[in-house]
Amino acid sequence: MAHAVGFRLFTVLAFRKDGQEMERIHSSRPAEYPVGGRKQVGTDVAADWLRASLEEQVPFFGKSRADVDRIFKDAELIASLGCGSIINVPVIAAGKTVAVLNVLDAEGAYTDDDVDTVQTIARHGAQAIIAAAKE
């Protein structure tokens, strides 16, 4: 991911409890976002982000700090790391979203082509991500 699109923060969240909770299974910044940390989908993320990731199974591209602020309850911590744009790509197994890749960098750092690149990485790494999500 670092070579393909770059990032200031890269995490992988696995969906738990039938999509009601997300657990961090990878983090490039474990001091701020430790592995094992959890988010409640009903209170910690915006409904449209959840719908895109979990139900529609499509990427979400937040191009600006305003997008990040609107979507995530922890937007202030995200901003403190210098992140103002985000690419989220669902990882799908047997027709179900099992995890989501979260790639963040400075506002304006990403393009639509970067979203495509992250999707390709998600497809190629899906089996490893799915295995890690099961643990």
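In this predicted model, the largest nonpolar core brings together 23 residues, and those that touch the most other members are Met-1, Val-12, Ile-87, Val-91, Leu-101, Val-103 and Val-118. The elements that each give two or more residues to this core are the strands E1, E5 and E6 together with helix H5, which spans residues 112-134. Among these contributors, H5 gives the most, with 7 residues.

Met-1 offers a way to follow the packing residue by residue. Leaving aside residues up to four places away in sequence, Met-1 touches Gly-6, Phe-7 and Phe-10, and also Leu-101, Val-103, Val-118 and Ile-121. Of these partners, Leu-101, Val-103 and Val-118 are themselves listed with Met-1 among the core residues that touch the most other members. Apart from this core lies another one, made up of 21 residues, among them Leu-13, Trp-49, Leu-50 and Leu-81.

From the packed regions we can turn to the enclosed empty space. Rolling a probe the size of a water molecule over the atoms shows where such space is left. The structure holds 1 cavity of 30 Å³ or more, and the volume of the largest cavity is about 110 Å³. Its lining is formed by 13 residues, of which Thr-11, Tyr-33, Lys-39, Asn-102 and Leu-104 are the closest to the centre. Two or more lining residues come from each of strand E1 (9-16), strand E5 (85-93) and strand E6 (96-105), with E1 giving the most, 3 residues. Sorted by class, the lining of this cavity consists of 7 nonpolar, 3 polar and 3 charged residues.

Key
Residues numbered from 1 in each chain as written. Predicted model: local features only at pLDDT ≥ 70, side-chain atom pairs only at ≥ 80, totals over all residues. Heavy atoms only, no water. 1 Å grid on protein atoms, 1.4 Å probe; cavity = no way out; pocket = protein on both sides within 12 Å on 5 of 7 lines; lining within 4 Å. Points joined across faces, edges and corners; volume = space filled by probe spheres on them. Helix = DSSP H or I, 4+ residues; strand = E, 2+ residues; numbered from the N terminus. Nonpolar A, V, L, I, M, F, W, Y, C, P; charged D, E, K, R; others polar. Core = buried A, V, L, I, M, F, W, Y, C linked by side-chain atoms within 4.5 Å. Buried < 20%, exposed > 50% of the residue type's maximum accessible area, 1.4 Å probe, protein only. Contact = heavy atoms within 4.5 Å.
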